[in-house]
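Visitor: I have a structure open in front of me and would like to learn how to read its features. Could you walk me through it?

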Amino acid sequence: MKRSKLVVANWKMHLNVHQASLLVNRLDKKIAIYRDVEVVLAPNFICLQPISMELDKRKFRLASQDGYFVDEGSYTGAISFSQLRELVHYSIIGHSERRRYFNESLDVVRDKVAAAVRNNITPILCVGETREERNQKETKQVLHDQIVSALSNLTSEDVENLVIGYEPVWAIGGKEPAKPDTIAQAVSWLRYQIGELYGEKVAKSVRIIYGGSDEPEYVNGIMAIEGVDGLLVGHASLNYVQFADIIERVHHSRVIGNEE
Ligand code: PGA
């Protein structure tokens with residue numbers, strides 16, 4: 001099956017309900033319905049419900065930025081994937097900011113991925129190396145460990161539908177994304193790993209998107225990299241003009257290495 005293009009807006013801990021609603025409204029006016037690009041918005045938890053009511057579902061889908069791995073119980077402050085299942089199609093899981101500031105271990109990420117899947121939510125699993133790991137030439141090992149661990153409780157059918165976000169930690173929140181060579185190597189390594197674990201068919205179905213300082217001017221270059229199916233956009237997704245520009249450019253791009 002041909003993989004569809006995907007652009008995800010990770011709004012992180014920005015925007016209150018009013019601001020988020022305003023942004024959706026402006027975006028909605030600015031972009032057309034693109035049948036070839038899935039546009040996914042990931043607001044904070046409190047914005048999900050109000051935004052889901054006003055969203056044009058032909059243009060946008062929703063994602064949560066996290067979720068807890070137990071479905072129900074006495075876990076003060078937590079929100080489970082079973083509570084999110086009516087609201088979102090996707091959940092961002094294992095973002096480096098969660099791993100770093102909330103001490104999410106490989107095991108926690110694995111359990112969250114499994115919990116999302118059992119609640120019919122598609123994980124957008126984020127993986128990526130830190131600057132230090134890159135300098136130590138550990139990128140392949142780090143990506144391997146993150147992937148093998150996170151997917152270890154899934155069937156190949158589950159993995160087929162998954163989205164993987166390659167986000168080198170050192171490129172997040174900057175002015176420039178990683179160089180095309182770096183992205184190309186990581187993406188092909190990730191697909192190779194999936195192939196080794198789950199076979200060729202699964203490796204060809206998984207969507208891999210790139211995140212880390214995605215700005216409009218870099219979109220064509222990133223989308224020209226073999227195997228890149230879209231983008232995970234942070235700060236540029238808070239600006240509706242920039243984000244609409246990004247979506248438009250992805251719409252005009254062709255995914256390389258995505259034969260039917
Ligand atoms: P950025 O964030 O686009 O601001 O670098 C991307 C992300 O962290 O998902």
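Guide: Gladly! Let us begin with helices: here they are DSSP runs of H or I with at least four residues, numbered from the N terminus. Keep in mind that this is a predicted model.

Visitor: Which helix holds both W189 and Y192, and how many residues apart are they?

Guide: Both lie in helix α9, residues 180–198. W189 and Y192 are three residues apart, about one turn of the helix.

Visitor: How do I describe a pair of aromatic rings?

Guide: You give two things: the distance of the centres and the angle of the planes. Searching the whole structure turns up four aromatic pairs. One of them joins W189 and Y192, with 5.8 Å centre to centre and 25° between the planes. Planes under 30 degrees apart count as stacked, and the W189–Y192 pair is stacked.

Visitor: Are W189 and Y192 buried or exposed?

Guide: Here the cut-off helps: buried means under 20% relative accessible area, exposed means over 50%, and partly exposed is in between. W189 has a relative accessible area of 18%, so it is buried. Y192 has 45%, so it is partly exposed.

Visitor: What sits over the ring of W189?

Guide: That is the charged end of K140, 4.6 Å from the ring centre. You can look for a similar arrangement at F102: the charged end of R98 sits over its ring, 3.9 Å from the centre.

Visitor: Which residues form an aromatic cluster?

Guide: Y68, F69 and Y75 form one cluster.

Visitor: Now for pockets. What shows where empty space is left?

Guide: The idea is to roll a probe the size of a water molecule over the atoms. In this model, the largest pocket holds about 470 Å³ of space. Its lining is made of 15 residues, and those nearest its centre are K12, M13, Q65, R98 and F102. You have already met R98 and F102 as a charge over a ring.

Visitor: Which element gives the largest share of the lining of the largest pocket, and how does that lining divide by class?

Guide: Helix α4, residues 96–101, gives the largest share, three residues. By class, the lining of the largest pocket has six nonpolar, five polar and four charged residues.

Visitor: What is the volume of the second largest pocket, and which residues lie nearest its centre?

Guide: Its volume is about 360 Å³. The second largest pocket has 19 lining residues, with S96, R99, G128, T130 and V169 nearest the centre. Two or more lining residues come from each of α4, β5 (122–127) and α7 (139–150). Of these, α4 gives the largest share, five residues. The lining of the second largest pocket divides into seven nonpolar, six polar and six charged residues.

Visitor: Let me go back to K12. Where does K12 lie, and what is its phi?

Guide: K12 is in the loop between β1 (5–10) and α1 (17–30). Its phi is positive, about 50°, although K12 is not a glycine. With a relative accessible area of 18%, K12 is buried.

Visitor: What is the phi of L15, and is L15 buried or partly exposed?

Guide: Phi of L15 is near 70°, a positive value in a residue other than glycine. L15 is also found in the loop between β1 and α1. L15 has 23% relative accessibility, so it counts as partly exposed.

Visitor: Where is S237, and what does its side chain reach?

Guide: S237 is in the loop between β8 (230–233) and α12 (240–252). Its relative accessibility is 0%, so S237 counts as buried. The side chain of S237 reaches the backbone oxygen of V233 at 3.3 Å.

Visitor: One last feature: how many residues apart along the chain are F45 and D66, and what separates their C-alpha atoms?

Guide: F45 and D66 are 21 residues apart along the chain, and 8.6 Å separates their C-alpha atoms. F45 lies in helix α2, residues 45–54, and counts as partly exposed at 32% relative accessibility. For another pair, try Q242 and V37: they are 205 residues apart along the chain, with C-alpha atoms separated by 16 Å. Q242 is in helix α12 and is partly exposed, with a relative accessible area of 26%.

Key:
Residues numbered from 1 in each chain as written. Predicted model: local features only at pLDDT ≥ 70, side-chain atom pairs only at ≥ 80, totals over all residues. Heavy atoms only, no water. Phe/Tyr/Trp six-rings, centres within 6.5 Å; stacked < 30°, edge-to-face > 60°. Buried < 20%, exposed > 50% of the residue type's maximum accessible area, 1.4 Å probe, protein only. Lys NZ or Arg CZ within 6 Å of the ring centre and 35° of its normal. 1 Å grid on protein atoms, 1.4 Å probe; cavity = no way out; pocket = protein on both sides within 12 Å on 5 of 7 lines; lining within 4 Å. Points joined across faces, edges and corners; volume = space filled by probe spheres on them. Nonpolar A, V, L, I, M, F, W, Y, C, P; charged D, E, K, R; others polar. Polar contact = N/O pair within 3.5 Å; in protein donor to acceptor, adjacent residues only side chain to side chain.
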